[in-house]
Amino acid sequence: SSMSGEGKSFVAINFGNVLAITGKKVLLMELDLRKPGLSTKLNVINDFGFTNYIINEDVQIRDIVKPVSFQENLFILTSGPIPPNPAETLLHSRTKILIDELKNQFDYIIIDAPPIGIVTDAQLLETYADSCLYLVRQKHTMKSQLQIVNDLYKNKKMKNLAIIVNDIQTSDSYGYGYGYGYGHYT
């Protein structure tokens, strides 16, 4: 997304839960190392996670992946303590090792990243993704910020880029709709 408050964590949790309900093994990765919020929304303690794995070679994957209480196929890897250098932490060679191993263990990995309109961290993580979802939120995202996603697409900075529009508010006053019946369309 362009800025905070557009629903990245909300969509990550719900998308992950839907995939987990279908029987897929899903991991949510909290890689917003600057302002982690995924663990808070899931009521998971975030005192040990990704950053611990990066700085300490004795930390194993089994030490940082935690189950989510409400869904048996859903897991979380929290960010851990906020590092002094988030971008450099994401660029560490152990990040690739971690993600490659996690791809062998999970059917889906959803990475919750910070807003791309503020910091470059999401672009650094793009290399590990099969596709990238860009969130915009009705009545929150500024129209001028759509140039960011347009630039990412045109310059191929994000692979398989798709847009999710969050928090759509509809009204009957738009005059367009679809209905079933005998010749009645609204």
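**Pockets, ring contacts and a buried serine**

The second largest pocket holds about 340 Å³ of space. This value, like those that follow, comes from a predicted model. The pocket has 19 lining residues. Ser4, Gly5, Lys8, Asp32 and Lys35 are the ones nearest its centre. Helix 1 supplies the largest share of this lining, with three residues. By class, the lining of the second largest pocket comprises seven charged, seven nonpolar and five polar residues.

The largest pocket encloses about 810 Å³. Its lining is made up of 32 residues. Nearest the centre lie Ile111, Ala129, Ser131, Cys132 and Leu133. Five elements each give two or more residues to this lining: helix 1 (8-21), helix 6, strand 4, helix 7 (121-125) and strand 5 (132-137). In the lining of the largest pocket, 24 residues are nonpolar, six are charged and two are polar.

Aromatic contacts were examined next. The whole structure yields one aromatic pair. Its members are phenylalanine 75 and phenylalanine 106, arranged edge-to-face. Their ring centres lie 5.6 Å apart, and the planes meet at 70 degrees. The angle counts as edge-to-face because it is over 60 degrees. The pair joins distant parts of the chain, with the two positions 31 residues apart in numbering. Phenylalanine 75 belongs to strand 3 (residues 74-77). Phenylalanine 106 sits in the loop between helix 6 (93-105) and strand 4 (108-112). Both partners are buried: phenylalanine 75 has a relative accessible area of 17%, and phenylalanine 106 has 7%.

Two rings also carry a charged group over them. Phenylalanine 106 has the charged end of lysine 25 over its ring, 5.0 Å from the ring centre. Phenylalanine 106 thus takes part in the aromatic pair and also lies under a charged end. For tyrosine 53, the charged end over the ring is that of arginine 94. Here the distance to the ring centre is 3.8 Å.

Serine 79 lies in the loop between strand 3 and helix 5 (86-90). Its relative accessible area is 1%. Serine 79 therefore counts as buried, since the cut-off is under 20%. Beyond its neighbours within four places in sequence, serine 79 contacts Glu30, Asp32, Leu33, Pro36, Asn46, Gly49, Phe50 and Thr51. One of these contacts, Asp32, is also among the residues nearest the centre of the second largest pocket.

Methods:
Residues numbered from 1 in each chain as written. Predicted model: local features only at pLDDT ≥ 70, side-chain atom pairs only at ≥ 80, totals over all residues. Heavy atoms only, no water. Phe/Tyr/Trp six-rings, centres within 6.5 Å; stacked < 30°, edge-to-face > 60°. Helix = DSSP H or I, 4+ residues; strand = E, 2+ residues; numbered from the N terminus. Buried < 20%, exposed > 50% of the residue type's maximum accessible area, 1.4 Å probe, protein only. Lys NZ or Arg CZ within 6 Å of the ring centre and 35° of its normal. 1 Å grid on protein atoms, 1.4 Å probe; cavity = no way out; pocket = protein on both sides within 12 Å on 5 of 7 lines; lining within 4 Å. Points joined across faces, edges and corners; volume = space filled by probe spheres on them. Nonpolar A, V, L, I, M, F, W, Y, C, P; charged D, E, K, R; others polar. Contact = heavy atoms within 4.5 Å.
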